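Q: I would like to learn how to read unusual backbone features and strand surroundings in a model. Could we work through some cases together, beginning with the backbone?

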Amino acid sequence: MIPPEDAARKPLPAPDADTAMFWRGLREGHLLLQHCTDCDHVQYYQQAVCRGCGGEALTHRPASGHGTVHSFSVVHRAPGPAFKADVPYAVLLVELEEGPRMISTYTGGQPDDVTFGMKVTLALEYVTDEVVLPRFRKA
Amino acid sequence: MSGTLRGKVAVIGIGMSPVGKVPGRSPLWLAADAARKAVADAGIRKREIDGVLSSHAFASPFHRFSVAFSEYFGIQPTFSNTLQVSGATASTMFNIGAAAIHGGLAKVVLVVAADSLMTGLTPDLALRSLTESRDQQYEMPFGIPVANTFAMTAHRHMKEFGTTPEQLAEVAVVQRRHASRTPGAQQTTPITVDDVLNSGMVTTPYHKLDCSLISDGGAAFILTSAENARAIGIEAPVYILGGGECYTHEHIFLMPSLTTTGAVESSRKAYAMAGYGPADMNVAGVYDCFTGTVIMMLEDLGFCPKGEGGRFVDDGHMTYGGRIPSNTHGGLLSFAHSGMPGSLFHFHEVIAQLRGGCGERQVTNAELGLVHSLGAGFATNATTILGTENTL
C-alpha cells in the first residue's frame, strides 16, 4: 500500500547504471541517443547492449531534437493525485528524426492544439537540480 | 497436431465469487470462495488438487499469492506459481496449467485469481497502482497511466482507419446490453452511444464509459487430463484445444505498430494448435479494458480485416446473430474488472457457453470458443481456444 503523501508526489526518474549517461546528458542540455557502430541501430532508451545486434559498440550522440507526433492522448482525469493540477495535458508519442520513438508531454501551448504528424521540437524542463525532463513544443 | 496439448486437458469445474462491490472480503477470501464453487462444480475433493496457478493481487499483502492461497484454502500442492504478465495472465494460467498437466507436472490444477480493486484500495491508489506498472524513468515521470497507452493505440487506429468515437461507444453499448442479462453483473443499466460520448473525457479518445470498471471479485477453474475427466465421470468437459502467446515490447514507445498487436501471432499459434480458424469460432471472450481495444482485437484475432473493426461492431457482428458473439457476460466494461483476474470472467463465460448453460444469454450451438487476454498497453498477449467433445 502506498502512503497518501507518496501518492501526491510526482514520480521522478531514478537513473541506474544503464541510464545514468542519458540523464546526465539532459542536465547538460542534450537528448542522447545510442548509436551502434557495428549495425547502425539507433536506440532509445539507453542500455548497455544494442537491441539490434547484441553488441556493445554503442556511442551516445545528441539527437537533433526534432520529431513528429506519431500519436497522442490528452489526459483529463489524472493518474493519481500527483498529476491533478496538470490536467488537461497531452501525452505525446514522438517519433524522433533519427527514428526512435519516445513518450513525452506537450508544453508551450494548449493540449487541444496537438495533431497527428505535428512537427515538434525538444523543450527541456528543469524539474530539480538532478532531473531535467525532455518535453516537446510545437516546432 | 501430434505432441501438443490439444484436447489432452479438460476444464471440469468453474466457480466465481460475488463481483462488483464486495466490501469486507479480502482477495484471498474471494479466491477461496470461487475455488470452493469450482471444486463443488467438478464434484471432486479439494485434496485432489495438486497444482495451483494464480496471479498477483494488488489488494493483497502476499507476494506469492498462489502459495498464500494454498495455505488459506488448506491444501499443499506440488506444483504452483504466481504469474504476472498483466492482463494476459488469465490466459497464460490456462496455457501453463494445461502444459503442466500434459507434461506430467500435475494431475489436477486449480487456476484461481481474485482482487479487491474497488473496496480494497482507495480510487486514487487503485489508479496509482496502475501508473506504477509503467516504466519509472521513461514513462511515469510524464504522468502516463496505463489507460493512456491504450488510448494512444486507439487514437492512432482512428487516424489510420477512420474509426469513429461512435463506433468505440457502440462496443460499450453492446456489452452493457449483454450484462443486463447476466446475473450479478456490476453495471446493468442500458446505455446509448450518446451516454458514452457524454460521460466525460478520461484520456482522448476515451470517455468514462469507454473505460472498463474497477471491481472486486475472482474466479476459479479445475483443470485435469481428458483421461482423468472421463475416468471420474465428468459429463460434459470443455477441452483446451490451443494456446498461444506473444510479447512484442515492454515500453509503449517500442511497440512495433500501434494498430497491429501481438494478438495476431498469439492467436495464429493458438488456431494452428487447435486446427481451427477464426471463422470456426462460435463465441469469444475478447479482452476489453477499453472499447477501442475490442475493435483492434476483433481485427487481430482474425474476425474481420484490419481497419474494419469499427464497422464490424456497428454492423452487429460482436453480438447475437452476428459473426462472433463476444463478451456475452458484459466483459470488463460492464460485468466486472478486478485487475489481473478480470479476464478469468471471460473464461467463465465462454466455458459456460460451451456447456450450454447460459439460459437467455446462450449462444446457439456454441461448440468452439476463444478467449484472448492482454495487458500493459498490448505488451502482453495470450490466446486460448476451447471446445466441446464434438470438436476434438
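Q: Where in chain B does Asn327(B) lie?
A: This is a predicted model, and what follows should be read with that in mind. Asn327(B) lies in the loop between helix H11 (309-314) and helix H12 (331-334) of chain B.

Q: What is the sign of phi at Asn327(B)?
A: The general idea is that most residues other than glycine have a negative phi. Asn327(B), although it is not a glycine, has a positive phi of about 50°.

Q: Is Asn327(B) buried or exposed?
A: A residue counts as buried if 20 or more other C-beta atoms lie within 10 Å of its own. Because Asn327(B) has 28 other C-beta atoms within 10 Å, it is buried.

Q: Which loop of chain B holds Phe378(B), and what is its phi?
A: Phe378(B) is placed in the loop between strand S10 (368-375) and strand S11 (380-387) of chain B, and its phi is positive, about 65°, although it is not a glycine. With 30 other C-beta atoms within 10 Å, Phe378(B) is therefore buried.

Q: Which residues does the cis peptide bond in chain A join, and where is the proline?
A: As a general matter, most peptide bonds are trans. In chain A, however, a cis peptide bond joins Val87(A) and Pro88(A), with omega about -10°, and Pro88(A) has its place in the loop between strand S4 (66-75) and strand S5 (89-96) of chain A.

Q: Which residues of chain B does a cis peptide bond join?
A: Thr204(B) and Pro205(B) are joined by a cis peptide bond whose omega is about 5°, and Pro205(B) is found in the loop between strand S5 (201-203) and strand S6 (206-207) of chain B.

Q: How should I read strand S2 of chain B, and which way do its residues point?
A: One can look at the two faces of a strand in turn. Gly51(B), Leu53(B) and Ser55(B) point one way from S2(B), while Val52(B) and Ser54(B) point the other way, and all are buried. Strand S2 (residues 51-55) of chain B is accordingly described as mostly covered, with five of its five residues buried.

Q: Which strands are joined to S2(B), and how many bridges join each?
A: Five bridges join S2(B) to strand S3 (residues 79-83) of chain B, and the two run parallel, with Gly51(B) standing opposite Phe79(B) in S3(B). Between these strands the chain crosses from S2(B) through helix H2 (residues 65-73) of chain B to S3(B), in a β-α-β crossover that is right-handed. Three bridges join S2(B) to strand S4 (residues 108-116) of chain B, also in parallel, and here Val52(B) stands opposite Leu110(B) in S4(B).

Methods: Residues numbered from 1 in each chain as written. Chains lettered and ligands numbered in written order. Predicted model: local features only at pLDDT ≥ 70, side-chain atom pairs only at ≥ 80, totals over all residues. Buried ≥ 20, exposed ≤ 12 C-beta atoms within 10 Å, placed from the backbone. Helix = DSSP H or I, 4+ residues; strand = E, 2+ residues; numbered from the N terminus. Pairing = 2+ DSSP bridges. Right-handed = clockwise from strand over helix to strand, strands pointing away.
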